[in-house]
Every structure is written in C-alpha cells, then in structure tokens.
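Biologist: Could you take me through the sheet in this predicted model, and the helices packed around it? I would love a close look at how the pieces sit together.

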Amino acid sequence: MKPAGLKRLVGYLQEHHHVSQRRACRVIPISRKAVHYAPQRPRRDAELVARLKALGVQYPRYGYLMLHSRLRAEGLVINRKRTYRLYTELGMQVRTKRRKKLVRPRVPMVVPTRPNERWSMDFAHDQLADGRRIRILNIVDEYSRVCVGQLVDLSISGVRVARHLDQLSELRGLPKTLVMDNAPEMTSKAMFFRSQKTRVKVHFIQPGKPTQNAFVESFNGRFRGGCLNQQWFRYLADARQIIDDWREHYNT
C-alpha cells in the first residue's frame, strides 16, 4: 500500500476505534514520521533550466561540471547534483569519440616550476566563409597553461612570428625556453637571430613526435573543439575578434 493509503488507514483507526496515533502506527505498521511528513513544494527550476539551455548553446562542448561552475558563479545553484539532474533530463550530454588505445613506452615529461619558464608554440588551421585558409599561431605557458598569445592571419612568416614574440615579451617578459616543431617559420633566420639576441633557448621536437610538444597539442584540441568547430568566420577581422574573445574566456 502506498504511504498516502497508510496515512488514511491510521486516521480511520483513530476515528472509529478510538486508539492513539502511536498505537495505530504500531498496528499497521508505519512510522509516525511518515504520517507527519508533508511533501515539499516543487523546486522552481524554470529560471535555472532556461539559463542552462542558454549556456549549453553558447558552450556546446562543456560538460555539466563546467556549466555548473558558471551557474554557481551567477548565484543560480549551489548543489552540483541539481545541475546534473537537469543536465541529464535535458539530454545535454557531450558525446565523445572513443579513440583507439595505442601502447607506447611512457617517457616522463619535465614539468616547469614557475611561469615563463617554458612556452610552447604550434599552428592551427581553419578557413573563412569565402574559402580562404587562415593560420593561427598558438603560444601556451606550460606552467600556468595560459594561452599567452594567438596570431591570426592568412599567412604567417618567420619574421612575423619573431615580431609577435617581441610584442608578447614586452607584456609578459621573456621565457627561458621555447618549444616548437620543425616548421619553416620556426627554423627561419629571423627566429635564429632573435634567439641569439634575446638568449632564449629554442628547443625543437623530433620530427613526427607531436607528443614531445604535448602542452600546446592539448590546447589545440581544446581550441578546435571549443572555438573553431563551433564558429563560422565571415572575414579575417571577424575571426580575430571571435578568437580573441574565446582566448579571454579560456584564460579566465
């Protein structure tokens, strides 16, 4: 019998057989706490659901924990279990591809101990609405995992890379080491002379070994999933603005 029916039975025994509530509960049996329990008012989730949907559209690659942190910062929710319940009810789970597991010998990677100790650089690629290809130079601080800079253009030469690094050094200081692959822009004369001038050590990874530049490779994956795959760039200035906004959001 359902709790509601048991409560009515307790009331019947009290009214027709003139017994106390305690004794009626023992006869049935049922807990007296269950008799006195009053159902709570349903939670008002309409505002929370609306905001959760809006954040899901804005950040489609975020899981419920990232969305919960945004909702909590806005003061809409405290308990993450409530966010997860609504998240699953709305069917907002992020689908992930299963990757084939590769068995490789593990080589421990030296982790820097302070900011500006080592920066990693690598290129990402996309295209504009008119089909023109664009290149994005991503630069990541391996200690803080902050994206210290992104250079977006149709083509990027070694001179442009060196000039961009000089601009970043005026704002953030010089790193001790730069980690990069063997792309022509990285091995150019401009980068060599800049290294000699600034005394910044340049470390080139082995060809065909992107795992040796794992920090920026990981960032490239997040950048592509959270920005490039979600946006449609109309022209170059539009791409630069959208990428700048995404970088500020990522860093903060």
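Modeller: Happy to! Let's start with helix H9, which lies across S1, S2 and S3 and runs at about 35° to S1. Helix H7 (residues 158-172) lies across S1, S2, S3 and S4, at about 145° to S3. The sheet itself is open, with five strands in the order S3-S2-S1-S4-S5 and mixed pairing. S3 and S5 (201-204) are its edge strands; each has a single partner strand, so one side of each has no neighbour in the sheet. From one strand to the next, the twist averages 20°. At the S5 edge, S4 (residues 177-180) and S5 pair in the parallel sense over four bridges, and Met 180 stands opposite Phe 204 in S5.

Now for helix H10, whose buried residues are Leu 236, Asp 238, Ala 239, Ile 242, Ile 243, Trp 246 and Arg 247. These residues lie on the same side of H10, because they cover an arc of only 165° around the axis. Among the elements covering them are strand S2 (133-141), strand S3 (147-153) and helix H9 (214-226). The length of H10 fits too: its 16 residues (236-251) should span 22 Å at 1.5 Å a residue, and its end C-alpha atoms are 22 Å apart.

One last detail concerns Cys 147, which counts as buried because its relative accessibility is 1%. Its closest cysteine sulfur, in Cys 227, is 11 Å from its own, so the two are too far apart for a bond. With a cut-off of 2.5 Å between sulfur atoms, the count of disulfides comes to zero.

Methods: Residues numbered from 1 in each chain as written. Predicted model: local features only at pLDDT ≥ 70, side-chain atom pairs only at ≥ 80, totals over all residues. Heavy atoms only, no water. Buried < 20%, exposed > 50% of the residue type's maximum accessible area, 1.4 Å probe, protein only. Helix = DSSP H or I, 4+ residues; strand = E, 2+ residues; numbered from the N terminus. Expected span 1.5 Å × (residues − 1). Arc of directions from axis to C-beta. Contact = heavy atoms within 4.5 Å. Pairing = 2+ DSSP bridges. Axes fitted to C-alpha atoms, helices over the stretch in contact; angles between N-to-C directions.
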